[in-house]
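Please read this briefing alongside the sequence and the coordinates. The notes are grouped by topic, and each point can be checked against the model.

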Amino acid sequence: MSLPGLDPEDLTARARIRDAALRHFGEHGFDRATIRGIAETAGVSSGLVRHHFGSKEALRDACDAYLAKVLHGINDEVRADSSPGGVNYVGVAGAAFGPYQRYVARSLVEGRAAPLFDKLAELGAQWLVEADKKRPDPPEVSREERATVAAAMALSIAVMHEHVSRGLGVDVFSPQGEDVLARVLLDLYSHPLLSPEEAVAIRSRLSTSGNALRSGEGIDD
């Protein structure tokens, strides 16, 4: 149950422990998962788990760092692809994280997975560098702000996978569901809901509303 682009380390006991932890944390949550259960799944002793990682908290940190590394590898592979297209596939990868979806979903709900979120936002900002060159209008908000919100939108599918699966009529964690999800995301990315002109009009109303609130207009004493 490993993702592509792995290095030789992933043949080691340390990697088996990490993969077992990803499974247990995803299925049971951090508090209910145990070192003993993770060790049994990995086929090692509890002592070896502590030898490699020290604590359950450090083991989860290692899981987060591993997934951030995998995401970086996916990004590198996509950038090396010479096929045409301007879609941010890091966003697609973040929303369809293979066998570790349940881990990602639980970690996000528990307020964890910071390295994964930060890496997704960082790589998303890199994609926006190229996308911004094609824009007819300069962005009003920073690249980092846009990448942060885009990362949250992509990862929200993992958190709300049951609702998304019900709406699509297929489990988004399955190979068929991943294909359907990727096609939907591609369509959404390639067909914006607002034209630049419509966005300008809405933005002007936002500015007017914000100025009114700052000046105290429309606020009862």
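Leaving aside its neighbours within four places in sequence, R106 is in contact with F25, G26, E27, H28 and G29. These contacts are read from a predicted model, and R106 itself is found in helix 6, which spans residues 101–109.

**R106, E27 and the pairing of helix 1 with helix 6**

- With a relative accessibility of 31%, R106 counts as partly exposed, because the buried class ends at 20% and the exposed class begins over 50%.
- R106 also comes together with a residue further along the chain: its C-alpha atom is separated by 7.3 Å from that of V159, although the two positions lie 53 residues apart in chain numbering.
- E27, which is among the residues that R106 contacts, lies in helix 1, residues 13–28, and at 41% relative accessibility it counts as partly exposed.
- E27 and R102 are 75 residues apart in sequence, yet their C-alpha atoms are 6.8 Å apart in space.
- The axes of helix 1 and helix 6 come within 8 Å of each other and cross at roughly 55°; this angle is neither under 35 degrees nor within 65 to 115, so the two helices are classed as oblique to each other.
- Helix 1 passes helix 6 in a left-handed crossing, and the contact is made by L22, F25, G26, E27 and H28 of helix 1 together with R102, Y103 and R106 of helix 6.
- Sorted by class, this contact of helix 1 with helix 6 has three nonpolar, two polar and three charged residues.

**Helix 4 against helix 7**

- The axes of helix 4 and helix 7 come within 7 Å and cross at roughly 20°, which makes helix 4 roughly parallel to helix 7, since angles under 35 degrees are assigned to that class.
- The crossing of helix 4 and helix 7 is right-handed, and on the helix 4 side the contact is made by D64, L67, A68, L71, H72, N75, V78 and R79, while helix 7 supplies A114, P115, L116, K119, L120, L123, Q126 and W127.
- The residues of this contact of helix 4 with helix 7 divide into ten nonpolar, three polar and three charged.
- L67, one of the contact residues of helix 4, is found in the stretch of that helix covering residues 56–80, and its relative accessibility of 1% is the reason why L67 counts as buried.
- The C-alpha atoms of L67 and L116 are separated by 6.3 Å, while the two residues are 49 residues apart along the chain.

**Helix 7 against helix 8**

- Helix 7, residues 114–133, and helix 8, residues 143–159, have axes that come within 8 Å and cross at roughly 125°, and helix 7 and helix 8 are therefore oblique to each other.
- The crossing of helix 7 and helix 8 is right-handed, with F117, L120, A121, G124, A125, L128, V129 and D132 of helix 7 in contact with a helix 8 set made up of R143, R146, A147, T148, A151, A152, A154 and L155.
- By class, the contact of helix 7 with helix 8 has eleven nonpolar, two polar and three charged residues.

**Helix 2 and two positive phi angles**

- In helix 2, residues 35–42, the buried residues are I35, G37, I38, A39 and A42, and these buried residues pack against helix 1, helix 3 (46–53) and helix 4.
- Just after helix 2, G43 takes a positive phi of about 75°.
- Most residues other than glycine have a negative phi.
- A113, however, has a positive phi of about 65° although it is not a glycine; A113 lies in the loop between helix 6 and helix 7, and it counts as buried because its relative accessibility is 2%.

**The protein as a whole**

- The secondary structure comes to eleven helices and zero strands.
- Of the 221 residues of the protein, 35% count as buried.
- The accessible surface comes to about 12900 Å², of which 56% belongs to carbon and sulfur atoms.
- Among the contacts in the protein with a separation of 6 or more, 68% are accounted for by residues 24 or more positions apart.

Key: Residues numbered from 1 in each chain as written. Predicted model: local features only at pLDDT ≥ 70, side-chain atom pairs only at ≥ 80, totals over all residues. Heavy atoms only, no water. Axes fitted to C-alpha atoms, helices over the stretch in contact; angles between N-to-C directions. Helix = DSSP H or I, 4+ residues; strand = E, 2+ residues; numbered from the N terminus. Parallel < 35°, antiparallel > 145°, perpendicular 65-115°, else oblique. Left-handed = near helix turned anticlockwise from the far one by under 90°. Contact = heavy atoms within 4.5 Å. Nonpolar A, V, L, I, M, F, W, Y, C, P; charged D, E, K, R; others polar. Buried < 20%, exposed > 50% of the residue type's maximum accessible area, 1.4 Å probe, protein only. Areas by Shrake-Rupley, 256 points an atom, 1.4 Å probe, with all protein chains shown as cover.
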